[in-house]
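Let's take a walk through this fold, going from one part to the next. Have the model open and follow along.

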Amino acid sequence: MTEKTVFETYPLGAITLSNRIVMAPLTRNRAEKGLLPSKFAATYYSQRASAGLVITEATQISKQAQGYQNTPGIFTQEQVNAWREVTDAVHAEGGRIFLQIWHVGRISHVDFHDGQPPVAPSAIRAATQVTVNNARVDTSEPRALDIEEIPGIVEDFRKAAANAISAGFDGVEIHAANGYLLDQFLKDGANKRTDEYGGSVANRARLTLEVAQAIAQEIGAERTGIRISPVSPVNDAVSSAAQEQFEYLVDKLNDLGLVYLHVVEGVTGGPRDATPFNYAALRQRFTNTVIANNGYDLGLAETQLATGQADLFAIGRAFIANPDLVNRLKSGADLASINPATIYGGGEEGYIDYPSLERA
Ligand SMILES: Cc1cc2nc3c(=O)[nH]c(=O)nc-3n(C[C@H](O)[C@H](O)[C@H](O)COP(=O)(O)O)c2cc1C
């Protein structure tokens, strides 16, 4: 038997990826007026199309879903048209691209909601900050969603997924990680509801499962992936029962036949092992593709592939400064480092001017 390598092709649902390296979703806060993706986004993503799969920056499913300035949407026809240019550019380079769709929930500010509070499972403020008018400000205290409003949230997710397909995406990634709305429902630090959306493991998973089911019905389970971060505390996301909560969720997601489960291991962008968690238990429960993320380099990816821990490996930060990351990993070339000043916001600089090895 030949050994698996991260540089071999990989079948993901109905598509084939050119390798097992995935570009992780990266918010860059460069959206245009109307929350259209940046006019440079087609260039930016197509420069990175040699990733086996590109996952876009998190993209709002509705106006209510926004929590940061200049993050794009997928809920108007103009947004769909603008994203079409991105998907065409990536496909022209032979790449594959999924749209990450999100609702930020309480990680937001009244300025995005005409002075009204953002929505959340419960009226508990998250101890974190968002960017409004170029300044970091505390999040606003949210209001708890009425149970009657929940079908509307599921519907917004469903429509966003349909829009993504009409914009030419190969699929969508449901953002259920990093303390945003779905993760807020999943984690009991944020979810104190006493109706059927809170109070038990099954109830806390209900909204995420309803969203996953609606999207799988709309666009096909083979085009529907999901991202979770069971123990990541970013954005004040705390669970007292993470292992049980996420094992239950993954069992049910597996029943829905979703094409992939994308797991952020440890603290997003931080230590991988700060909180003990049995990721192998998720791997065993999910029969389709598992994408692992957080702090991966080639060596760690090869090890995890050999032991069967995951099928694909998502890399975030290194893709910002290394558009041809796959080529660099393959050839053992040095990696360029990021300019921290141009990560969030701005224009071309620090976005589409990082050269490939060839151009350098
Ligand atoms: C600038 C930046 C933006 C990010 N935006 C998103 C995002 O939109 N959605 C998401 O799920 N994760 C986001 N993340 C988290 C990354 O996808 C990834 O989980 C994290 O960077 C750890 O992977 P790495 O060690 O390969 O960088 C972001 C991280 C960074 C550094």
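**Pockets, barrel and helices**

Start with the lining of the largest pocket: sorted by class, its residues come out as 16 nonpolar, 20 polar and three charged. Keep in mind as you look around that this is a predicted model. The space in this largest pocket comes to about 1,000 Å³. It is lined by 39 residues, and those closest to its centre are Pro25, Leu26, Thr27, Thr268 and Tyr344.

Which elements each supply at least two residues of that lining? They are strands S5, S7 (129-132) and S14, plus helix H9 (317-321). Helix H9 has the largest share, with three residues.

Two of those strands, S5 and S14, lead us to the barrel. Eight strands close it, and going round you pass S3, S4, S5, S10, S11, S12, S13 and S14, in that order, with parallel pairing. From one strand to the next the twist averages 25°. As a reminder, strands in a sheet pair through backbone hydrogen bonds, and the pairing can be parallel or antiparallel.

To see where the ring closes, find S3 at residues 21-23 and S14 at residues 312-315; the two pair in the parallel sense over three bridges. If you want a single spot to zoom in on, pick Ile21, whose bridge partner in S14 is Phe313.

Now move on to helix H3, residues 150-166. This helix lies across two barrel strands, S5 (97-102) and S10 (171-176), and runs at about 160° to S5. H3 also has a helix for company: its axis and that of H5 (residues 201-219) come within 9 Å and cross at roughly 35°. The crossing of H3 past H5 is right-handed.

What does each helix bring to this contact? From H3 come Ile150, Val154, Phe157, Arg158, Ala161, Ala162 and Ile165, and they meet Leu207, Glu210, Val211, Ala214, Ile215, Glu218 and Ile219 of H5. By class, the residues in this H3-H5 contact are eleven nonpolar and three charged, with no polar ones.

One more stop: the second largest pocket, with a volume of about 180 Å³. Its lining takes in Ser46, Gln47, Ala49, Ser50 and Glu93, then Pro323, Asp324 and Asn327, and finally Tyr354, Pro355, Ser356 and Arg359. Sorted by class, that lining has four nonpolar, five polar and three charged residues.

Definitions and conventions. Residues numbered from 1 in each chain as written. Predicted model: local features only at pLDDT ≥ 70, side-chain atom pairs only at ≥ 80, totals over all residues. Heavy atoms only, no water. Pairing = 2+ DSSP bridges. Helix = DSSP H or I, 4+ residues; strand = E, 2+ residues; numbered from the N terminus. Axes fitted to C-alpha atoms, helices over the stretch in contact; angles between N-to-C directions. Contact = heavy atoms within 4.5 Å. Left-handed = near helix turned anticlockwise from the far one by under 90°. Nonpolar A, V, L, I, M, F, W, Y, C, P; charged D, E, K, R; others polar. 1 Å grid on protein atoms, 1.4 Å probe; cavity = no way out; pocket = protein on both sides within 12 Å on 5 of 7 lines; lining within 4 Å. Points joined across faces, edges and corners; volume = space filled by probe spheres on them.
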